[in-house]
Every structure is written in C-alpha cells, then in structure tokens.
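Subject: Handover of a structure and its computed features

Dear colleague,

Please find the structure below for your records. I would be grateful if you could read the notes that follow alongside it.

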Amino acid sequence: MVVVFRGGPHRFHEFEEFVDDAGGLVIRKDVFSVNRGSYFLRNELRVLCVVPEAEEEKLKRTARRIKGEVERVSPGPETSEILMACLEVYDTLAGTESWIEGGDLPFEGKVLERMVETELLESRKQGGSTQYRLKRD
C-alpha cells in the first residue's frame with residue numbers, strides 16, 4: 001500500500017526504521033517550513049512510502065507515537081506500476097552490497113533513472129555498461 005506520512009522531523013528516524021524493517025520503502029521525502037509572516041513556526045515532513053498492507057496498524061501506531069499521521073493514498077495505474085517496479089529493483093539490490101549490471105535487474109531505463117534521481121540508487125559506468133547499487137548513507 002502507498003501512504004503519506006506527515007509530521008515533524010523529530011524522531012522521524014524511528015518511522016524510517018520501521019518502514020525499512022517492515023519491508024517497505026521510503027520513495028520521497030519533502031521538508032518544508034511553516035511560517036506566519038516573517039516568523040518561523042516549525043519544520044514539517046511529507047514522506048511518500050510503500051509498505052506491506054499487513055503492517056498498516058503498526059505503521060499508524062508508530063506515526064502517532066512520534067506525533068505524526070499516516071494517510072493511505074490511491075495512486076493511478078501508471079504510478080502504481082512505477083512504485084512496484086521500484087520495490088522489485090530495491091528488493092533485488094538489497095540482497096547485495098556490490099554493484100549490479102543494469103541488464104541483470106528486473107527493469108531498465110526510466111525506472112532506474114528515476115531511482116537514481118530520487119537518490120534511492122547510485123549508478124556508475126563500468127566497461128561500457130551502467131551498474132547500480134543501493135545508495136549508502
């Protein structure tokens with residue numbers, strides 16, 4: 001299922017760890033400031049995640065514990081295909097620390113390029129081909 005987390009950055013790492021442990025994936029993280037006039041009030045996060053449906057209640061409890069909220073979203077069919085492709089690539093690369101040839105991954109082209117753009121993957125040119133691995137923190 002695809003969800004959006006909204007909340008503050010404090011203790012957000014706990015939410016990220018839960019998503020990762022549950023077999024999910026943080027797709028996109030946006031940070032923005034809330035101001036009133038020229039006065040800064042707070043920072044907010046809006047995070048797009050894909051998580052297994054079986055973990056929905058635990059995910060909501062984790063979000064509430066860190067003063068956030070989770071809302072389920074229904075992406076269109078094209079977006080769903082892209083997200084599922086990203087999960088498949090992520091699962092393939094999560095099993096290894098080494099670089100993998102693009103041709104050995106389940107999807108090529110735009111899916112891998114988008115994952116590099118969103119900093120989920122790293123890429124490099126090696127011997128005339130492109131190799132990929134999960135982005136290291």
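The notes below cover a pocket, a helix, some aromatic rings and a set of strands.

The model is predicted, so local features need pLDDT of at least 70 and side-chain atom pairs count only at pLDDT 80 or more, while totals for chains, interfaces and linings use all residues. Residues are numbered from 1 along each chain as its sequence is written, and side-chain values use heavy atoms, with hydrogens and water left out.

Pocket. The second largest pocket holds about 220 Å³ of space. A pocket here is an open set of points on a 1 Å grid over the protein atoms alone, where a 1.4 Å probe fits, with protein on both sides within 12 Å along at least five of seven lines; lining residues have an atom within 4 Å of a point. The volume is the space filled by probe spheres set on the points, which are joined across faces, edges and corners. Its lining comprises 13 residues, with Ile27, Ile82, Leu83, Arg114 and Thr118 nearest the centre. By class, 8 are nonpolar, 2 polar and 3 charged (nonpolar: Ala, Val, Leu, Ile, Met, Phe, Trp, Tyr, Cys and Pro; charged: Asp, Glu, Lys and Arg; polar: the others, Gly among them). At least two lining residues come from each of β2 (25-36), α3 (77-94) and α4 (110-117); helices (H or I, at least four residues) and strands (E, at least two) are DSSP runs numbered from the N terminus.

Helix α3. This helix of 18 residues spans 25 Å from first to last C-alpha, close to the 26 Å expected (1.5 Å times one less than the number of residues). Its buried residues are Leu83, Ala85, Cys86, Leu87, Val89, Tyr90 and Leu93 (buried: under 20% relative accessible area, 1.4 Å probe, protein chains only).

Aromatic rings. There are 3 aromatic pairs (ring centres of Phe, Tyr or Trp, the last by its six-membered ring, within 6.5 Å; tilted means planes neither under 30 degrees nor over 60 degrees apart). Phe5 and Phe12 form a tilted pair, at 5.3 Å centre to centre and 40° between the planes. Phe5, Phe12 and Phe15 make up one aromatic cluster.

Strands. Strand β7 (residues 129-134) pairs antiparallel with β5 (residues 100-101) over 2 bridges (pairing requires at least two DSSP bridges). β7 is also joined to β6 (residues 121-126), antiparallel, by 6 bridges. In the β6–β7 hairpin, 2 residues lie between the strands, and Gly127 in the turn has a positive phi of about 60°.

Yours sincerely

Terms used:
Buried means under 20% relative accessible area, exposed over 50%, partly exposed in between (1.4 Å probe, protein chains only).
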